[in-house]
Amino acid sequence: MLTSTRLRGGALVGVLALAGGLALPTAAFAAEAPDVKDDPIHLDTGHIDAFNLVLNEDDTARLVLKEDVTGSHVLRTPESVTLAVKSQAFSTNLPSAGVPEGAPTELYHLPLTQDHELIWPGWDSQSVGSVYGSQAKVDIDVTAVDGPGEVFLWTTGQWGGVAPLLTEGWTFPGTIHQDFLAHVHANWGFTQPGTYTLTAHADVTSADGTQTSTSNEATYTFVVAPVPTALSVSGAEDEVAPGAEVTLTAASSPAESTFSTYAWQTRASAEAEWTTVDGAATSTLTVDAVAGAQYRATVSGGKDYASGSAQPIVVESDPVTISTTGEDPVEQTISIAPLADHYHSGSPIDLQIVAGPAVEDGAYRWYLQRVDQDQPVLIDGATGDSHRIPAAEQALNGATVTAQLVGEDGTALATSEAVTIEVDDHGAAPLQKVSVGGIADHYHTGDTATLTASVTPTSVLSRFEWYVQKEGETAPVLVEGENDATYSFSVTEDLAGAAVIATLTYDNGNSYVESAPVIVKLDDHGHEVPDTDLTISTNRDADDYWVGQTATLTAEQSTPTGLTEHQWLVKLPGADGFAAVDGQTAAEYSFKPTLPNSGVQVKVQLLHDGEVHAESAPITITTQQREPVTTLTVTADKESYAAGETAQLTSTQNPQTDESHYHWYVKRTGASDFVWVDQSRDKDLAYPVTAEDDGAQLVLRLFDDTHAMIAESEPHTLAVATGGTHPQPITELSIDGLAAGYHVGETATLTAVQNPATDEDHYHWFIQRSGDADFSVISGAGEATLTHEVAEADAGAQIVAKLYDHDHTLVAESAPVTLTVLPGDPKPATAPSAQTEDALDGVDEGGITASTTTPTAGQVITVQVGEGAEHAGEWVAAWLFSDPVLLGGDWVQVGADGTIAVTIPADTTAEAHRLAVFDADGQLIGWQQLQVAAATSDPGTGAGPAGLPSTGGEINGIVLGTAGMLLVAGMILLLARRRRGADGIVSE
């Protein structure tokens, strides 16, 4: 048993008065006592903020535990919670570069990114911001650890590797220091199984140092389960009648181990080959007794990195033999392996048929029936004995699944009992969000508007309803007969200022989720657009670029016109004239100058309804090559590779320099130039080899801190041996999940879909950015789903997915999809901060102007944010008080004209309310008094969109959060204020 302690510093206990004339909140504005549960509970999975700071009634800091396992943001006393670290956390043969110095290569490891089988502990100090400010400093001081081993804590550095999170060392006891309030997750490592007790308190200090508080001392208990060392099977000890049911049970030793991934194998006799029992995935297996048949079980979990990639640790039992007499009856049955008690939105649902007796190469039909459907519906492409529903969602709650084993003539030979899917997001709104794309900045009378509703993430539902609220009306009206994702209509004068909403519905018409309103703006040019002079500014002097640097050009208007559409043109050296740059229509244009194109001329046009309104004078971009400061040498681990292998390339500098900013580039046979190997930023490269890479050349380039290239290796040529006779499954590949557009920093989640489905699951994803000579493999993307953070350079980029068999022969390739990068700031990755009406106290009414101050419940209104277009493109949160309601449940982006559209909830009481708009930092922009009237009639036919569930909800002092925070896309680790610090700490 190891016991470590650390002396507490002499922090001043309590909250000091604010300096600068600010006073402590009076009793009338003191924080309500937090609802902290104290009933004992055992948590072994899910999102947990172990060190969570809240405010007591007297505004002092209190250290509690917050969890999203039993609900949303449930507060508990640390002493009442047992944090169970399952055996599945055990990792062995960890690479030394992935763990802190001094840490063993065997650890019970809780990773930085969420593993849904394990607890995901972190810490959150953001709730004390209302008193101490968002820039408050926090020290979380773990003063003692009592347990059988050491507890390590670390994160990932900015350029990979490990980085500390404690002020000193890598292990507790120690202090976690925060320079600003943040929500953080980390790597945890426990060296031994057993019970660990951590004693901790927190110190909070406001940015100006005038307010401090020391929290209570709290005790945290982590119980680390051991890995199993043996597995035994019971149930075959006695002789039974032929065909009688025999239940075999596998038991791990020690019994406290929690590995739960079971598999069973059988063979007809001790001399036969072992085969897998399909669908057998639990600790028990019930079989029909067959004389002499043998069975053995395995249980697996954890991770073994001995091969270079994580493989499960497998413990295998000795075989047991079934003893019977007589002949065995044969009756074919199938069933679907038991499902999980419930699923969260976003998690996959794996369906597996269990056949008795086992069926080789059987053909199956799968059916799914949602609660809104009258009968089961055949699942297209699902013909094997297993099927994966990629992502659970609330629309699947209560759905039933059945399967049939079919003969060659299509006759059903056996039918399973139905299993029911339970989806429980613990009160959160659906994860899906509907957005409407295609709305133009303005229309002319007689134009055709074509709007498209997209759902992210994708949904099993595909029926839409469209609602229109004309200016002056008090409620949206259903557009009869429009139930597709696309809605086209002719723009007439009476649609000027109309709000359009798309609603995703069940097949029976019940509403699921709705979009934010979009506004139809009519401009027949009754006013003149002012003249302006157009100039180009650069991020450096126009003749001062080195090879490797990025030239960023910005079009600037001497007189603002409100026009936003541009066209960039270039004239290459030796060219006769200027040529338009495809896809470059924003005010900013970035590219990498090269030596062959030194002297390129660039100009920009400002467009009005497709016509040139203003044109800049051209500027000239010249490029120079820095003298090499070192020689780069690249060495490969093999002379040739088979498709599917990973080429390990290493590099050296001679002489060695302090520079460490690398990029790798590839040029395949037939390509005209090298393209960046996506996400390659290290001196060494693990490159997944495909058949298309035979003869490809790889080079490594080194850059200085200005991204000027200072060294380039000689090309290394890949040799790829082809072969294999594995028959190729016949399938087509398509890509689902593409949104209409993304802001820089947002995540594109794309899924490759096979039709029909096959057993192949080896994918690679490729990207070709604008100007690239070829597609480049996306590093680390080897599954059916791609998660890609969109960068500015991705504007117009094409992405394809390719499917390979086990010999790495290409089976299918998707058509490319194109990424559209939207102008303006990216949507904040975290939900808007909770606001109260106190934020309006002492602030004069103004700063925003609603289109009406007497709206009706359920009505869409527009709101002018600030003056003119000063907030155009910004993300804001609109709140309705007194009971705080986040309108739309999410952020809203201010339009080019400075307005937003919001829906007054249908259940808003008929009385006075205050509408307030806050910026992305939670600062008040302005507020206005509204007198809401009760709804007078039901809009259109059926329930209007105002009554739909939104992506947030009514908020009473606590942010309920988007479903993405509650489940997943909470799985995205973000920096406070949406940035990554140089220390590599990941915060939300």
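Is Asp890 buried or exposed? I began with this residue, working in a predicted model. Asp890 has a relative accessibility of 7%, so I entered it as buried.

**Entry 1: Asp890**

I placed Asp890 in the loop between β75 (885-886) and β76 (892-893). I then looked for a polar partner of its side chain and found Lys433, with a contact of 2.7 Å between the two side chains. I also checked Ala878, which is 12 residues from Asp890 in sequence; the C-alpha atoms of the two are 8.6 Å apart.

**Entry 2: Arg370**

I looked up a second loop residue, Arg370, in the segment between β30 and β31 (377-378). Arg370 counts as buried, because its relative accessibility is 7% and the cut-off for buried is under 20%. I noted a polar contact of 3.0 Å between the side chains of Arg370 and Asp372. Setting aside neighbours within four places in sequence, I listed Ala395, Leu396, Ala399, Val460, Leu461 and Asp507 as the residues in contact with Arg370.

**Entry 3: strand β33 and its partners**

How many of the 7 residues of strand β33 are buried? I recorded 5 for this strand (residues 400-406), so β33 is largely enclosed by the rest of the structure.

I went through the pairings of β33 in turn. With strand β30 (residues 363-369) it pairs in the antiparallel sense over 7 bridges, and Val406 is the bridge partner of Ala363. With strand β35 (residues 419-420), also antiparallel, I found 2 bridges; here Thr400 stands opposite Thr420. With strand β34 (residues 412-415) I found 3 bridges, again antiparallel, and Leu405 stands opposite Ala414. β33 and β34 form a hairpin with 5 residues between them. In that turn I noted Gly410, with a positive phi of about 90°.

**Entry 4: Thr505**

I located Thr505 in strand β41 (residues 499-505). Its relative accessible area is 0%, so I entered Thr505 as buried. Not counting residues up to four places away in sequence, Thr505 touches Leu461, Arg463, Glu465, Asn510, Ser511 and Tyr512.

**Entry 5: aromatic pairs**

I searched the whole structure for aromatic pairs and obtained 12. I examined Tyr487 and Phe489: their ring centres are 4.9 Å apart and their planes stand at 35°, so I classed the pair as tilted. Tyr487 is buried, at 9% relative accessibility, and Phe489 is buried too, at 12%.

I next took Tyr506 and Tyr512, with ring centres 5.4 Å apart and planes at 65°; this pair is therefore edge-to-face. Both Tyr506 and Tyr512 are buried.

**Entry 6: aromatic cluster and nonpolar cores**

Which residues form one aromatic cluster? I listed Phe51, Phe172, Trp188, Phe190, Tyr196, Tyr220 and Phe222.

I then turned to the largest nonpolar core, which has 49 residues. Those that touch the most other members are Phe51, Trp123, Phe172, Trp188, Phe190, Tyr220 and Phe222. I followed Trp188 in detail: beyond four places in sequence, its contacts include Phe51, Tyr108, His109, Leu110, Pro121 and Trp123. Also among the residues that Trp188 touches are Val151, Phe152, Leu153, Trp154, Phe172 and Phe222. Apart from this core I found another, of 27 residues, among them Val634, Leu649, Val720 and Tyr804.

**Entry 7: charges over rings**

I checked two arginines for aromatic rings. Arg701 lies over the face of Tyr665, 4.3 Å from the ring centre. Arg914 places its charged end over the ring of Trp927, at 4.7 Å from the centre.

**Entry 8: strand β68**

Which side chains of strand β68 (residues 785-789) point to the buried face? I found Leu786 and His788 on one face, both buried. Thr785, Thr787 and Glu789 point to the other face and are not buried. I set this beside the general rule that side chains in a regular strand alternate between the two faces of the sheet.

Finally I looked at the pairing of β68 with strand β65 (residues 747-755), which is antiparallel over 5 bridges. Ala748 has His788 of β68 as its bridge partner.

Technical notes. Residues numbered from 1 in each chain as written. Predicted model: local features only at pLDDT ≥ 70, side-chain atom pairs only at ≥ 80, totals over all residues. Heavy atoms only, no water. Phe/Tyr/Trp six-rings, centres within 6.5 Å; stacked < 30°, edge-to-face > 60°. Buried < 20%, exposed > 50% of the residue type's maximum accessible area, 1.4 Å probe, protein only. Lys NZ or Arg CZ within 6 Å of the ring centre and 35° of its normal. Helix = DSSP H or I, 4+ residues; strand = E, 2+ residues; numbered from the N terminus. Pairing = 2+ DSSP bridges. Polar contact = N/O pair within 3.5 Å; in protein donor to acceptor, adjacent residues only side chain to side chain. Contact = heavy atoms within 4.5 Å. Core = buried A, V, L, I, M, F, W, Y, C linked by side-chain atoms within 4.5 Å.
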